[in-house]
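Me: I should like a close look at one part of this structure, followed by an account of the rest of the chain around it. Please keep the account connected.

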Amino acid sequence: MPMLDIRKDGTLVFQEMFSGALEYFYKGVSGYVYRCIGDYELNSAAGVHTCATSSTAVPVTDFEYIEDVYESIISYGDKGTFIYERYEDLPQWRIDIIRGHIIRFIKRNNLLCDRTHPSYRLIQEKFPQYWKEAEVLNDYKLL
């Protein structure tokens, strides 16, 4: 559950929502980066403000295979185009925002009751204090 942002100058900012999140999600993961040319618009409904969509097929003009996405992302820091905001370095007010995101996510997805949800174990394991808080809030019908 990282928080991503791409600044106007193209710099990618990755804010961890829990300690070691970047490595947890991307270390040892391979994948492709596709480059496309075409008309597009930003799609705010996608939930990612940098998500581009097209109503017609957009041809792939080039692609790159990434052996280890974590190592590739980290290398952009050396080029000055990536900022890695580690959880341990975040101010308390940002940690409080993360807490709110997680509590709302638990409620919105009924995670306390839905053991089949794809994020059920992740939330329990990576945010145990917020899980416990949600259980207490739920017990008192405050969730």
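What follows is centred on Arg-35 and the residues that it touches.

Reply: The coordinates come from a predicted model, and every statement below concerns that model.

The setting comes first. The protein has 143 residues, and its secondary structure amounts to 5 helices and 7 strands. In sequence order these elements follow the pattern β-β-α-β-β-β-β-α-β-α-α-α. Along the principal axes, the C-alpha atoms fill a box of roughly 55 × 35 × 30 Å. Among the contacts with a separation of 6 or more, 61% are between residues 24 or more positions apart.

Arg-35 belongs to strand E3, which covers residues 31-36. Its relative accessibility is 34%, and it is therefore classed as partly exposed, since that value lies between the limits of 20% for buried and 50% for exposed. Leaving aside residues up to four places away in sequence, Arg-35 touches Pro-59, Val-60, Thr-61, Asp-62, Phe-63 and Glu-64. One of these, Phe-63, lies in strand E6. A marker from further along the chain is Leu-142: its C-alpha atom is 47 Å from that of Arg-35, with their positions 107 residues apart in sequence.

The charged partners of Arg-35 deserve particular attention. Side chains of opposite charge can pair when their charged atoms come close. Arg-35 and Glu-64 meet in a salt bridge through their side chains, at 3.0 Å from N to O. This pair links distant parts of the chain, with Glu-64 in strand E6 (residues 60-66) and Arg-35 in strand E3, 29 residues apart. Glu-64 is partly exposed as well, at a relative accessible area of 31%. Asp-62 also takes part: Arg-35, Asp-62 and Glu-64 are linked in a network of salt bridges.

The strands that hold this pair also carry nonpolar surface. Tyr-32, Tyr-34, Val-60, Phe-63 and Tyr-65 make up a nonpolar patch with about 560 Å² of accessible area together. E3 and E6 are the elements that give two or more residues to this patch, and E6 supplies the largest share, 3 residues. Two members of the patch, Val-60 and Phe-63, are among the residues that Arg-35 touches. For the protein as a whole, the exposed area is about 9900 Å², of which carbon and sulfur atoms supply 53%.

How many salt bridges does the model contain? The count comes to 6. One of them joins Glu-71 and Lys-27, whose closest N and O atoms are 2.7 Å apart. Because Glu-71 is in helix H2 (residues 69-78) and Lys-27 in the loop between helix H1 (21-26) and E3, this pair ties together parts that are 44 residues apart in sequence. Glu-71 is partly exposed at 40%, and Lys-27 is partly exposed at 39%. Another salt bridge, between Glu-133 and Arg-99, has its closest N and O atoms 2.2 Å apart. It links helix H5 (residues 128-139), which holds Glu-133, to helix H3 (residues 92-108), which holds Arg-99, across 34 residues of sequence. Their relative accessible areas are 24% for Glu-133 and 32% for Arg-99, and both residues are partly exposed.

A further arginine, Arg-94, is joined to Gln-15 by a polar contact of 2.3 Å between side chains. Gln-15 lies in strand E2 (residues 12-15) and is buried, because its relative accessible area of 8% falls under 20%.

The interior completes the picture. Of all residues in the protein, 27% count as buried. In soluble globular proteins, nonpolar side chains tend to be buried together. The largest nonpolar core here has 18 residues, and those that touch the most other members are Ile-98, Ile-102, Ile-106, Ile-123, Phe-127 and Tyr-130. H3, helix H4 (120-126) and H5 each contribute at least two residues to this core, with H3 giving the most, 6 residues. Apart from it lies another core, of 8 residues, including Leu-22, Ile-66, Val-69 and Ile-73.

To return to the part requested, Arg-35 is a partly exposed residue of strand E3 that is linked with Asp-62 and Glu-64 in a network of salt bridges.

Note on methods. Residues are numbered from 1 along each chain as its sequence is written. This is a predicted model: local features need pLDDT of at least 70, side-chain atom pairs count only at pLDDT 80 or more; totals for chains, interfaces and linings use all residues. Side-chain values use heavy atoms; hydrogens and water are left out. Helices (H or I, at least four residues) and strands (E, at least two) are DSSP runs, numbered from the N terminus. Buried means under 20% relative accessible area, exposed over 50%, partly exposed in between (1.4 Å probe, protein chains only). Contact means heavy atoms within 4.5 Å. A salt bridge is a side-chain nitrogen of Lys or Arg within 4 Å of a carboxyl oxygen of Asp or Glu. Patches are made of residues with over 30% relative accessible area and no salt bridge: like charges are joined within 9 Å, nonpolar side chains (Val, Leu, Ile, Met, Phe, Trp, Tyr) within 5 Å. Accessible areas come from the Shrake-Rupley method with a 1.4 Å probe; for residues, only the protein chains shown count as cover. A polar contact is a pair of N or O atoms within 3.5 Å; within protein, one must be able to donate a hydrogen and the other to accept it, and residues adjacent in sequence count only if both atoms are side-chain atoms. A nonpolar core is a set of buried Ala, Val, Leu, Ile, Met, Phe, Trp, Tyr and Cys residues joined through side-chain atoms within 4.5 Å.
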